[in-house]
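Today I'm looking up aromatic rings and what sits beside them. I'll jot things down as I go.

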Amino acid sequence: QVQLVESGGGLVQPGGSLRLSCAASGFTFNRYSMSWHRQAPGKEREQVASITWDGSITDYSDSVKGRFTISRDDAKNTVYLQMNNLGPEDTAVYYCQGRDTYSAARVFRGQGTQVTVSS
């Protein structure tokens, strides 16, 4: 059974940091590119970061570049999102997603974790 389980969300003050984790199971993790997406109330889902299957290439949206870092640990089947200097605009539900490098239509998504940035 395929699972992507996000954790690490919560309430943080502006300027603070959080590290999200996404634990994967049920598929061959090291052949999947991974990405983090977020959706704020009333807004469309936005991809904020991605990393290739081998970790060699990362990409970020302009809204998080320089503040967020995506990484992966294939030994733990886990992808991370380190988020620094958070602001209220980062408040959203954060989701991880895996896409098969060899079959782009094969995509898995997690259920999300809430991140709230507020004083």
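Entry one. I started by counting, and the structure holds 4 aromatic pairs. Note to self: this is a predicted model.

Entry two. I picked F27 and F108, which make a tilted pair, with 5.0 Å from centre to centre and 45° between the planes. I got 45° there, and tilted is the label because the angle is neither under 30 degrees nor over 60. Where do the two partners sit in the chain? F27 is in the loop between β3 (18-25) and β4 (32-39), while F108 belongs to strand β10 (residues 103-109). They are 81 residues apart, so this pair links distant parts of the chain.

Entry three. Are F27 and F108 buried or exposed? I found F27 buried, and F108 is buried too.

Entry four. F108 turned up again, this time with Y32: that pair is stacked, at 5.6 Å centre to centre and 20° between the planes. Here, too, distant parts of the chain are linked, with Y32 in strand β4 and F108 in strand β10, 76 residues apart. I checked burial again, and both Y32 and F108 are buried.

Entry five. Which residues group together with F108? F27, F29, Y32 and F108 form one aromatic cluster.

Entry six. Next I looked for charges over rings. R72 has its charged end over the ring of F29, 4.5 Å from the ring's centre. F29 is also one of the cluster members from my last entry. I noted R45 as well: its charged end sits over the ring of Y95, 3.9 Å from the centre of that ring.

Conventions
Residues are numbered from 1 along each chain as its sequence is written. This is a predicted model: local features need pLDDT of at least 70, side-chain atom pairs count only at pLDDT 80 or more; totals for chains, interfaces and linings use all residues. Side-chain values use heavy atoms; hydrogens and water are left out. Rings of Phe, Tyr and Trp (its six-membered ring) pair if their centres lie within 6.5 Å; planes under 30 degrees apart count as stacked, over 60 as edge-to-face and the rest as tilted. Helices (H or I, at least four residues) and strands (E, at least two) are DSSP runs, numbered from the N terminus. Buried means under 20% relative accessible area, exposed over 50%, partly exposed in between (1.4 Å probe, protein chains only). A charge sits over a ring if NZ of Lys or CZ of Arg is within 6 Å of the ring centre and within 35 degrees of the ring normal.
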